[in-house]
Amino acid sequence: MLPNAISLFSSSGIGDLGLRANGLNTVICCELLEERMNLFRNNYPNTKCFQGDIWSLKDEIVKYYNSNFTEPPFLVLATPPCQGMSSNGMGKMLNDYRKGLRPKMDERNRLIIPAIDIILALRPEWVILENVANMTNTLIYDENGELINIIDYIRKKLGSIYCGEPIVVDVADYGVPQHRKRLITVLSQSKKANKLFAKGGKLIPDYTHSEQDTLFTKHWVTLREAIGNLPSLRAEKGKNKATGYNELHKVPLLDEKKLFWIDNTKEGDTAFNNQCVNPNCGYQGNRIHGASHDRDGINKSHTDTPLYCEKCGALLPRPWVEDKKTGEKRLMKGFISAYKRMKWDEPASTLTQNFQYACSDNKIHPSQSRVLSLYEALVLQSIADYDYSFSLNGKMCSDGLIRDTIGESVPPRVIDLICANIIKISS
Ligand SMILES: C[S@@+](CC[C@H](N)C(=O)[O-])C[C@H]1O[C@@H](n2cnc3c(N)ncnc32)[C@H](O)[C@@H]1O
């Protein structure tokens, strides 16, 4: 029989592809949102799916496991939501709090508590926790209302049973063609793992890739290697889908002005730095965009970046907004990471749920006028390397669901390598 795994905060089951690749059987999953759970169910028809809030389902999950299996699970994979923990999320949380819009601590950060309750009740041999790197800075209220750092909470609850440690990992170091920093905590109560850990060994696998080739690692997989040979697209009607190719190789349309900005943007640069395109001028020395910290330490983008050529006065192809009444144009507010092209010879920037918004950080294709296609995102998140279906009731699910599923997922290649390693340690 295959070793049992339990997946908590499973979303549509992308991380679980790494479990399946190693012969682990996800017998239970738990996810709040119905449409994500439906995709999970479709892809893992033999898994018992608990759809709803883990706080109210945790006892039922434990009861179900204990009534159906005699051995403890081999693995619990828990990937709680990270919105409240990323530095962006934390900044927004603080701002909202100052405006009196939200409670001081994001309740989502406390979702680790019911996950640990399940772990303590079922005592799996291995645990994999995955979250944003900034999780180390997060404070939560524990079950007694005491404020505690989330890592200290995990240590306090599991430290006497499990060995292991949280490690910040860039998934590019595991051959995923994307920079994505995550905090991965692999814990084990197996004797072999304890012995290894006590000798200073790591429970996560060795990196397979690095910036440059070395004796032991290959260079990071670049965008050119990963998606350089895919059919060209343009975010314009009639050109934004590839015919006769993967149906998810398609991009949203962009309006004329955005295409004008992006058409004139160099690889690795932002449209905010575009220079004069007046054929009679072509001045390349217009001041470029920047940002600096104000007196409160808040990073603010400059507001004096020119929108008109400082030599000939022609409109620059830089992001602008237009006054509806007067038609007057002014530079759009935005950071230098907005409307920015990625570089061909580097891994992609982190894919979030916003990866199809040109204005989001580093989201423009290195040389074509568009964002990444859904298919390219599947490649860059390593999902395309596995067998997975986005169809529901025989129809492709919505682009929004695919985008959310990709943006929130853990690259299956990383979970695959971690599982292969823990199986190696255990055997
Ligand atoms: C970071 S995503 C997990 C991604 C997943 N491991 C994958 O690779 O596809 C976190 C998931 O937790 C779910 N979630 C949020 N609050 C929850 C709750 N109270 N109970 C159960 N699941 C919850 C979210 O809907 C989201 O799909």
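This briefing walks through the sheet, the ligand shell and the two domains of the structure above. Please keep in mind that the model is predicted. The chain is assigned a domain 1 (4–219 + 410–426) and a domain 2 (231–372). There is also an open sheet of 7 strands, and a ligand with 20 residues around it.

**The sheet as a whole**

- Reading across the open sheet, the strand order is β3-β2-β1-β4-β5-β9-β8, and the pairing is mixed.
- Each of β3 and β8 (163–170) has a single partner strand, so these two stand at the edges and one side of each is left without a neighbour in the sheet.
- From one strand to the next, the twist averages 15°.
- As general background, strands of a sheet pair through backbone hydrogen bonds, in either a parallel or an antiparallel way.

**Strands β1, β2 and β3**

- Strand β1 (residues 4–8) pairs with β2 in the parallel sense, and 5 bridges connect them.
- If you want a landmark for this pair, look at N4, which stands opposite N25 in β2.
- Strand β2 (residues 25–31) also runs parallel to strand β3 (residues 48–51), with 4 bridges joining the two.
- Here a handy landmark is I28, whose bridge partner in β3 is K48.
- Between these two strands the chain passes through helix α2 (residues 34–43), giving a β-α-β crossover from β2 to β3 that is right-handed.

**Helix α2 against the sheet**

- Helix α2 packs on the sheet and touches both β2 and β3.
- The direction of α2 makes about 175° with that of β3.

**The ligand shell**

- Of the 20 residues that surround the ligand, the closest are F9, S11, I14, G15 and L32.
- By class, this shell holds 10 nonpolar, 6 polar and 4 charged residues.

**The two domains**

- Domain 1 is listed in two stretches of the chain, 4–219 and 410–426, while domain 2 covers 231–372.
- Taken over C-alpha atoms, the centres of domain 1 and domain 2 are 36 Å apart.
- Contacts between them involve 5 residues of domain 1 and 5 residues of domain 2.
- On the domain 1 side of this contact, the residues divide into 2 nonpolar, 2 polar and 1 charged.

Definitions and conventions:
Residues numbered from 1 in each chain as written. Predicted model: local features only at pLDDT ≥ 70, side-chain atom pairs only at ≥ 80, totals over all residues. Pairing = 2+ DSSP bridges. Right-handed = clockwise from strand over helix to strand, strands pointing away. Near = placed C-beta within 6 Å. Nonpolar A, V, L, I, M, F, W, Y, C, P; charged D, E, K, R; others polar. Axes fitted to C-alpha atoms, helices over the stretch in contact; angles between N-to-C directions. Contact = placed C-beta atoms within 7 Å. Domains from an automatic or database assignment.
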